[in-house]
Amino acid sequence: MDAWPFVGRDGELAAIERAFGGSDVDAVVVAGPSGVGKTALAREALKRLRAAGCQVEWAAGTRAAASVPFGAVAQLVPADWHPVGGPPGVLRAVAGQVGAGGGRRRVVLGVDDAHLLDDPSAAVVAHLVAERLAFAVLTLRTGEPVPDAVTDLWKQERAERLDLAGLPAADVDQLLDRALPGQVDGLTRRRMTEAAAGNPLALRELVHGGLSGGALRTRYGVWRLDPGFKPRTQVTELVAQRLVRLDAQTRVVVELVAEGEPVSLPTLERLADAAAIRAAEDSGLVVVNRSGARVEARLAHPLYGEVLRAGLPLTRARMVRRRLAEALLATPMRRRGDALRAAQWQVDGGAVTRPDVVRLGARQAIGWSDLALAERLARAARGAEPGTEADVLLAEILEYRGKSAEAIALLSDEPPPETPDPVMWAVTRAETLYWGLGSAAAAERVLAGRGDLADGTLSWILMFDGRCAEALDAASRVFDRADAHPQGVIWATAGGTAAAGFLGQLSRSAAIRERGLPVAAAYREPMPWGVYEIEIADCLAHLAAGDLLRAGAVADRGYRQAVEAGVPMMVSGWALFGGLVAASRGHLDASGALLREAVAGFEENDTFRFRRHCAAALAEVTALGGDPDEAGRWLAEAEGAGSGPNRVFWPWLELSRAWVAMSQGAQADAVAAARRAADLARDTGLPTVEAAALYDAGRLGGRVDRRRLDALAAALGTPFAEALALAGQGLARGDGAPLARAADAFENLGHDLLAAEAGAAAGRLLRRVGRRGQAHLVRGRSAAPRARCATARTPLLVNDEVAELLTAREREVVLLAAHHSSRHIAERLGLEVKTVNNHLARAYAKLGVSSRAEVRALLDT
């Protein structure tokens, strides 16, 4: 933290260097608010000029030095000078000392915090500039009184003034990446970037405070900042200094804005007099701007709010929130989020006067996926006004938060007679039964015959249960009703879009999506999660059907939007699905980063029980990357989570087992697991996944079931299924030509790893039959996809010598020998230890190696 890096400011540095190299001015004044990076910029500029051969001197104004004449420039006085001649003598001595360095073209003087210079020191600096004895770079804080000698520099056009704005977001990202080794999760990055608002000092103090207090820490290699973190370091002191200057009425205005920002100006005018509001604005702490049709008051810097709220006594904070709630409840509350704000202020203020508004606020909090807030509001509303409606709302939120047992206990087996909305009761009950207990059958019974909202929910549940044909039927029933409930349409669109993709029907998937997406967009206010669910389904559909370019584009866009919106659950979901797409492409580094972010996020909130499948995906990614130990740990975590819901992902879990086994050298086990995955996908009714699993069995070194793969390709008719059948044909027949064509098809779909594998295998087979020219061309075309998945290690990508020189048994033994003893290999393969050693000896002779370490090195090349 002491060596806080310097980044960005290229334009400002260039401006200082131009000013030094030109003849128009003899100084540059860098002005800006506290902490924006003025000193760092000046020091970096002087560092560069020193490197160019200049003599560099440094002076700094301080409040302590300002009490002593010439205190800021004392170090510029010659060591052997005797105090004679009064102030003019000091000036002459400094001028002689500095001027001896060669003048303005050779000497550069940095003056930090020039607004704090005592008048004699300011006069010395002005003299050095005016006589062109040195080129000066001065910094000063805006809003502070500046000595006349300094202001005269730019008034007389002797100095160029640079007003320093906050760092751009890209530069803040660089600061974070250099300050925190490793990966920073998307929401932490966004929160710190927004809180710092381009101010490097603020960012530094946020990072320092988070690290020192333990609120900023790594989980699975990902830096995460606790949501409740409050800065309590140098930034706090800076804000406190500004607050002590305020009178009582002005401070009340600042506190109201801090607790409620943004606060509409009419609301603020109900709570404070106009003079106090103007004084708060004049202080620079509060700004008033127009937002659409509303004029709103905000704090001038996000950290002001963090610091003010952290330092406000609890009783005073409750009073402020009650006043805000009363003022907002007295308005029509037409604006988006008004109900949520009024609900939160009532609860935080300790006085719930409108439970109906608190329940509505809880629903809005669900929509924005702030489930912790939603639960707090729902509990408060239930305490203020008990009843079935409050029970259903709280149960729904508890289920979303993974508190299934408590949610189920709130809902009886049948809706009570006084239930105001029996269908919503059924939907909530079904969600607790499926995602809480993993019982799709029980969820179906609760939803049966309850109309379009229930059918939409059923479509979503059936898709996750792997019953995609039935999910499409349920979605169709919703679309057949002209006046279907909007929420039912959104769920049916999400369920139908994904289900059609798993069935290989991408045209139908697109049609369903296009039908429901306008409804989700139209109802974004009450159901902001609607578009998110449909886009997740679209990504999943294209992932299952093998169009990774489309799936990746959707995931990238969704992740960025979720981070910008600041919604943790959505960020975790997009990190998971983006990670799955990247894993399928063979982009292991990107995939691992996203999946680790997702698995950490799911520890806090895992509404749809995705964490198990995220861990399984990490097992596969680390296995493909050549780390069998970590892969085994992730797989054990996935298996330890039990079965539960989401059968649609179970075949993918089996494929993760296959690749982990392969990384451990257990080829036979790997092939068997891939075949189990294919059978499970067939029995569940997931033909796209079945085709991919059948091909994986061949990729892992097993026999390709061509008849079954060809039948699936014919039935599905998708480019991906046809490419899998073509590649399967090449592997089964030992024919490089179809593999070469498949490699091109895979690359066009974004499957870089499959393309690289097929290209490598095709090159070997073509070379083996003497078609070396064609082999060279194929391998050249596969170089680009191979480069994009350079860290992947699979059987089809192993060293050509291993692939071509060894028998199947020798190859199996060698792969195991990279990580296991001969005794372990013998037990696993049912062989004698002597037989294993004989296979190893023959393999070593063929490969020209003599140890397991050399085998590992060969397999990694």
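How many of the 861 residues count as buried? In this predicted model, the share is 57%.

**Figure 1. The whole protein, before we zoom in.** The fold is built from 45 helices and 11 strands. Measured out along the principal axes, the C-alpha atoms fill a box of roughly 105 × 80 × 45 Å. Take the contacts between residues at least 6 apart in sequence: 68% of them join residues at least 24 apart. The accessible surface adds up to about 34,700 Å², and carbon and sulfur atoms own 51% of that.

**Figure 2. A look into the largest cavity.** The protein has 6 cavities of 30 Å³ or more, and the largest holds about 580 Å³ of space. Its lining takes in 30 residues, with Leu580, Ser584, Glu620, Trp652 and Leu655 lying nearest the centre. Helices that give two or more residues to this lining include helix 28 (568-585), helix 30 (611-624) and helix 32 (650-663); helix 26 (529-545), helix 34 (687-699), helix 36 (719-733) and helix 38 (752-768) do so too. As for chemistry, the lining splits into 22 nonpolar, 5 polar and 3 charged residues.

**Figure 3. The second largest cavity.** This one has a volume of about 60 Å³. Helix 26 and helix 28 each put at least two residues into its lining. Among the lining residues are Tyr532, Glu533, Met569 and Gly573, along with Phe602, Asn605, Asp606, Thr607, Phe608 and Phe610. Sorted by type, the lining has 5 nonpolar, 3 polar and 2 charged residues.

How values were computed:
Residues are numbered from 1 along each chain as its sequence is written. This is a predicted model: local features need pLDDT of at least 70, side-chain atom pairs count only at pLDDT 80 or more; totals for chains, interfaces and linings use all residues. Side-chain values use heavy atoms; hydrogens and water are left out. On a 1 Å grid over the protein atoms alone, a cavity is a set of points where a 1.4 Å probe fits but cannot get out, and a pocket is an open set with protein on both sides within 12 Å along at least five of seven lines; lining residues have an atom within 4 Å of a point. Grid points are joined across faces, edges and corners, and a volume is the space filled by probe spheres set on the points. Helices (H or I, at least four residues) and strands (E, at least two) are DSSP runs, numbered from the N terminus. Ala, Val, Leu, Ile, Met, Phe, Trp, Tyr, Cys and Pro count as nonpolar, Asp, Glu, Lys and Arg as charged, and the others, Gly among them, as polar. Buried means under 20% relative accessible area, exposed over 50%, partly exposed in between (1.4 Å probe, protein chains only). Contact means heavy atoms within 4.5 Å. Accessible areas come from the Shrake-Rupley method with a 1.4 Å probe; for residues, only the protein chains shown count as cover.
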